[in-house]
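Here is a quick tour for anyone meeting this protein for the first time. Have a look at the chain below, and then we can walk through it piece by piece.

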Amino acid sequence: MCAPSPLDSVVVMTTSTAASTSEHRRHWWEGATPTGSREFEPSPAGPTDEPGAAPPLHGSGPLLQTVRFARDQGRALFEGVRRHGDVFRIDTLLEKRPLVITSHPDHVKSLFTAGPSLAPSTAGQSQLRPIVGESVLTVTGARHRRQRKLLMPPFHGKAIARYREQILEATTREIDGWQAGSRLRLADSAQQVTLDVIMSGVFGIDYRSGESEQLLRKRIRQLLALSASPLARVSELMAMRRSQPVGLQKWGLAHLDRAILAVIAERRSAHVPGERHDILSLLLDARDDEGEALTDAELRNELLTLVLAGHETTANSIGWAFERLVRHPEAYGRLRDAARTDDDGGYVDATIHESMRVRPVIPVLGRRVMANWRFGDAVVTEGSRVLIGVLTLHHRDDVYADPFRFDPDRFVGVKPGSSTWIPFGGGDRRCLGATLAMEEMRILTREIARRTDLGAIASSPERPVHRNVTMIPGRGGAVEVCSVTP
Ligand code: HEM
């Protein structure tokens, strides 16, 4: 659908009036379920000794709820919020206690600012744990603080400037390969770029590197392809609540580990301190408080975490951004105009903020409360796992007017709030790679909008699909390339 068609205006009209026409619709991603018309009211939150009622129970039957939540988190979240409001609980097979879900900004703030001993992350119990082992993503407490401190320097704003040229180079190479009239899954195309960037930032590997490094790159692609297969879903379910991989996952990881360990061994033998700037070289020099270097297994876990956390998320965010843009010709037209001038007036950033608001790639975040915790009228028992509904928070109509409408203008000249816009999480667990990811998305979005004209392949919005902890576009952000300029 390269030429503007009457369909475009229908899509714009229906999404912008989503709240008033919600009765006709079935799915939240079609603008289905407004969060209600309550006024924004502050809500007390935090550790408490006071009594309070348990949050309302949503649905029944732990097996049914586990399956429903695993299959379609978005739907489960919106349904719960529509029925019960800010806070509710579900019984699942994942936990002995009910899982508590909240989407109120004050509750989120209380969890983000509580400190790691009171509200630690539950990423260590996610499906990523058997894959990445113990790393900055999955450990808590003093160990987490140490690992994060070690990994921080290459992700600071100044360090990111070093990656800018690489990102632009990889983006240019990718777009040069596009042809007018062809069809693309933008998430896959963006992944070529983000994988290049992360492989070169983390391992110092680029497309010109040697044999063992190219093998590692190949193995990572294979593991990613494998994780998209239906068989992998079975392995994921088998691995639930385990800390070690099983089944297909175990087999895939054994191959990958051999390739990673080979690269680590090569680097160790040729390592000259201070010579290279990639993260692997940096970590080879790192020493903990006792003066100990990281073991091969520790290095493997940290590096794999960075590679896995650091490229599919970004690529799928690009997929979602253009999935929205090609269905919103006015916003897309403005973005193209902005990208084709020297000063974009903040519209590129605003577009990224808005697409991450309506389609956060990580739709829920987990914390465990280590004290009884007040969330509004409800009090949650110490030890409970609390999920922050990023997706439902981002669609509150008392925070965002007409929340189902895709409207980058709402972020022009506006800094997103730290407890109302949380695609990168928050507090001491906020995404380590957020600055890098933003820079990648800025360059990719601007270059794609500047050099190409894209059209939607189908008028219907793409259905969100849940893979591991992510929510990705069902058709990968499918577009038709209408034109490409050199
Ligand atoms: C658009 C892209 C990305 C999104 C949406 C995203 C999102 C997130 C989220 C939601 C968290 C959990 C935060 C929390 O629990 O509060 C997280 C953690 C993390 N992310 Fe990202 N991420 C992205 C890109 C990256 C990149 C590029 C890297 C690294 C190269 C990265 C590395 C990490 C790491 C290491 C953690 C764990 C931090 C910790 O627990 O201390 N991410 N990310």
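Two strands count as paired here if DSSP finds at least two bridges between them. With that in hand, take the open sheet of three strands whose order is S4-S12-S9, with antiparallel pairing. Its edge strands are S4 (183-185) and S9, each of which pairs on one side only. From one strand to the next, the twist averages 45°. S4 and S12 (residues 478-484) run antiparallel and are joined by three bridges, and in that pairing Arg185 stands opposite Ala478 in S12. A helix goes with this sheet too: H8 (residues 186-203) lies across S4 and S12, at about 65° to S4.

Let's step back for the overall picture. The model is a predicted one. The protein has 17 helices and twelve strands. Of its 486 residues, 46% are buried. Among contacts between residues at least 6 apart in sequence, 76% join residues at least 24 apart.

**Another three-stranded sheet**

There is also an open sheet of three strands with the order S1-S6-S7, again with antiparallel pairing. S1 (45-47) and S7 (378-380) stand at its edges with a single partner strand each, so one side of each has no neighbour in the sheet. Direction ignored, neighbouring strands here are turned by 20° against each other on average. Three bridges hold the antiparallel pair of S1 and S6 (residues 373-375). One detail to look for is Gly46, whose bridge partner in S6 is Arg374.

**A strand covered on both faces**

Strands of a sheet pair through backbone hydrogen bonds, and they can do so either parallel or antiparallel. Which senses of pairing does S3 show? With S2 (residues 87-90), S3 pairs in the antiparallel sense over four bridges, while with S8 (residues 385-389) the pairing is parallel, over three bridges. Ile101 is a handy landmark: Phe88 stands opposite Ile101 on one hand, and Leu387 in S8 stands opposite Ile101 on the other. Both faces of S3 (residues 99-102) are covered, with Leu99 and Ile101 buried on one side and Val100 and Thr102 buried on the other.

**Around the ligand**

Now for the ligand. It is surrounded by 26 residues, and the closest are Gly310, Thr313, Gly425, Cys431 and Gly433. The elements that give two or more residues to this shell are helix H13 (296-325) and helix H17 (434-451). H13 provides the largest share, seven residues. Sorted by type, the shell holds 14 nonpolar, nine polar and three charged residues.

Cys431 deserves a closer look. The unreviewed UniProt entry places the feature "binding site" at Cys431. Where does Cys431 sit? Its place is in the loop between helix H16 (390-393) and H17. Is Cys431 buried or exposed? Cys431 counts as buried because it has 20 C-beta neighbours inside 10 Å, and 20 or more is what the label asks for. Setting aside neighbours within four places in sequence, Cys431 is in contact with Phe424 and Gly425.

**Three loop residues**

A few other loop positions are worth finding. Here is how they are placed and how many other C-beta atoms surround them.

| Residue | Loop between | Other C-beta atoms within 10 Å | Label |
|---|---|---|---|
| Gly274 | H11 (247-269) and H12 (279-285) | 9 atoms | exposed |
| Asp402 | H16 and H17 | 17 atoms | partly exposed |
| Ser460 | S9 (452-456) and S10 (464-467) | 12 atoms | exposed |

Each of these has something else to show. The C-alpha atoms of Gly274 and Asp285 are separated by 8.0 Å, and the two residues are eleven apart along the chain. Ser460 makes a long jump in sequence: Ser460 and Glu30 are 430 residues apart in sequence, yet 8.2 Å apart in space, C-alpha to C-alpha.

As for Asp402, a little background helps. Most residues other than glycine have a negative phi. Asp402 is not a glycine, but its phi is positive, at about 50°.

Methods:
Residues numbered from 1 in each chain as written. Predicted model: local features only at pLDDT ≥ 70, side-chain atom pairs only at ≥ 80, totals over all residues. Near = placed C-beta within 6 Å. Nonpolar A, V, L, I, M, F, W, Y, C, P; charged D, E, K, R; others polar. UniProt positions renumbered as here; feature names shortened; annotations may be inferred. Contact = placed C-beta atoms within 7 Å. Axes fitted to C-alpha atoms, helices over the stretch in contact; angles between N-to-C directions.
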